[in-house]
Amino acid sequence: GPTADPEDLRERAHAALLAARDRTNLLTTCVEDTELTAQHSPLMSPLVWDLAHIGNQEEQWLLRAVAGRDAMRPEIDPLYDAFEHPRAERPALPLLAPAEARHYAAEVRGRALDVLERTPLRGTPLTDAGFAFGMIAQHEQQHDETMLITHQLRAGPTALTAPDPAPLEAPFAGPAEVLVPGGPFTMGTSTEPWALDNERPAHHRLVPPFFIDTTPVTNAAYLRFVEDGGYDQERWWAPEGWAMVRQNRLTAPLFWRREGGQWLRRHFGRVEQVPPDEPVLHVSWYEADAFARWAGRRLPSEEEWEKAARYDPSSDRSMRYPWGDADPTPERANLGQRHLRPAPAGSYPAGESPLGVRQLIGDVWEWTSSGFLPYPGFAAFPYREYSDVFFGGDYKVLRGGAFSVDAVACRGTFRNWDHPVRRQIFAGFRTARDVAPCAGPEGAA
Ligand code: AVJ
Ligand code: FE
């Protein structure tokens, strides 16, 4: 659970930094160096950019901001400033070569661990409870997830392997949806030591009662939408979503194709049948929104999602996770790239919420209906470019993390966001409805 003991937090920060670097090393050594500098997709940076950017952010925050050191290589800062160069242009920059990037990141890390050992973890906002160290471990893990997306987009045989999640022992037999009672709940946090600025502060929200799916929407369910002509019918789509479908001639989620009467998908370098029981993956917000409308339902709002994930009716309070305040474990959630895919819908009974909602944490990011906005009382910290500059833009909020997300960067309060057209991220969704049934064309439950 959360702790205020600085020595425990120092130990946690140390472990989180080492775990992030192990993952970074795996993602950047499992392919040849020539693959690190290649552009695998115009949507992504070359892997070697992420690697040096990880080191550069760590240098800026842990060596310069926390420890007051001078820049090691001031001339490279602009190359690794995400706002200076769009991803598509990064391969053409005079980037550090793979060996140099590794050396730079390792040198920064050696010094950062030294800073972690010597820094009192109370007294300044940046170092209180080890915040800056936790923030940098989360930042590295976020870029590790970004690099995992690049691996999924990369052509050729996969360079990564992991065991598949366990199959369901029996088909999930619980109810399809769960009623979340109306009333106030506490959204966001003011106590989670490493929560990022956009998760703060804790505040009350009044949420009317609603129904939410017990599990994420499966490939089998999504396929019914596809086969019902969902991508041919304007009526299910938001106007911008319909334009996206027409312009790009979309017929199914990213990486899917139909062949010989079967639906196949390319998943980490292998072609496989679309697994019917797995949560749907690689859909844009527009596709999630259209599916929900076709089903006579809607996406949950961000506050509905968080209430479903954190509210405990028996104690009338918000917990850190659906299962309580304890940290994630492999029994509770599919996180941390232990698997390279989501587990079948209905998995992880040990991770369910008090109301019985499953897989809110891990497996697939879940699109919500909400735009990315600050909470009342928001204060940008420690830099405006993490969250503040994105508020009110063309972004939708995603919640809950995915198999690709490390536990250090995943909480009941954690907020992710992306453009509603994005499909390469590890995103799926679940649906919701008002208690008074929506008058959907297919008829609500
Ligand atoms: C929170 C995932 C949207 O990757 O763009 C990484 C995280 N911010 N470096 C992103 C982030 C700065 C961010 N997301
Ligand atoms: Fe970054």
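Select the shell around ligand 1 to begin, and colour it by residue class: in this predicted model, that shell holds 2 nonpolar and 4 polar residues, and no charged ones. The residues to pick out by name are His139, Gln142, Thr146, Tyr386, Asn416 and Trp417, which together surround ligand 1. With these still highlighted, show the secondary structure as well, and you will find that two elements, helix 5 (131-153) and strand 12 (416-418), each give two or more residues to the shell. Which element gives the most to the shell around ligand 1? The answer is helix 5, with 3 residues.

Next, leave the ligand and select strands 5, 6 and 7, which form an open sheet of 3 strands in the order 5-6-7, with antiparallel pairing. At its edges lie strand 5 (256-259) and strand 7 (270-273), each of which pairs on one side only. Neighbouring strands in this sheet are turned against each other by 35° on average, if direction is ignored. Now narrow the selection to strand 5 and strand 6 (residues 262-267), whose antiparallel pairing runs over 4 bridges; within this pairing, select Trp256 and look across to Arg265, its bridge partner in strand 6.

For the last stop, select Ala88, which sits in the loop between helix 3 (47-66) and helix 4 (98-118). Is Ala88 buried, exposed or partly exposed? Ala88 counts as partly exposed because it has 13 C-beta neighbours inside 10 Å, whereas a residue needs 20 or more to be buried and 12 or fewer to be exposed. Finally, add Phe291 to the selection and draw a line between the two C-alpha atoms: Ala88 and Phe291 are 203 residues apart in sequence and 31 Å apart in space.

Notes
Residues numbered from 1 in each chain as written. Chains lettered and ligands numbered in written order. Predicted model: local features only at pLDDT ≥ 70, side-chain atom pairs only at ≥ 80, totals over all residues. Near = placed C-beta within 6 Å. Nonpolar A, V, L, I, M, F, W, Y, C, P; charged D, E, K, R; others polar. Pairing = 2+ DSSP bridges. Axes fitted to C-alpha atoms, helices over the stretch in contact; angles between N-to-C directions.
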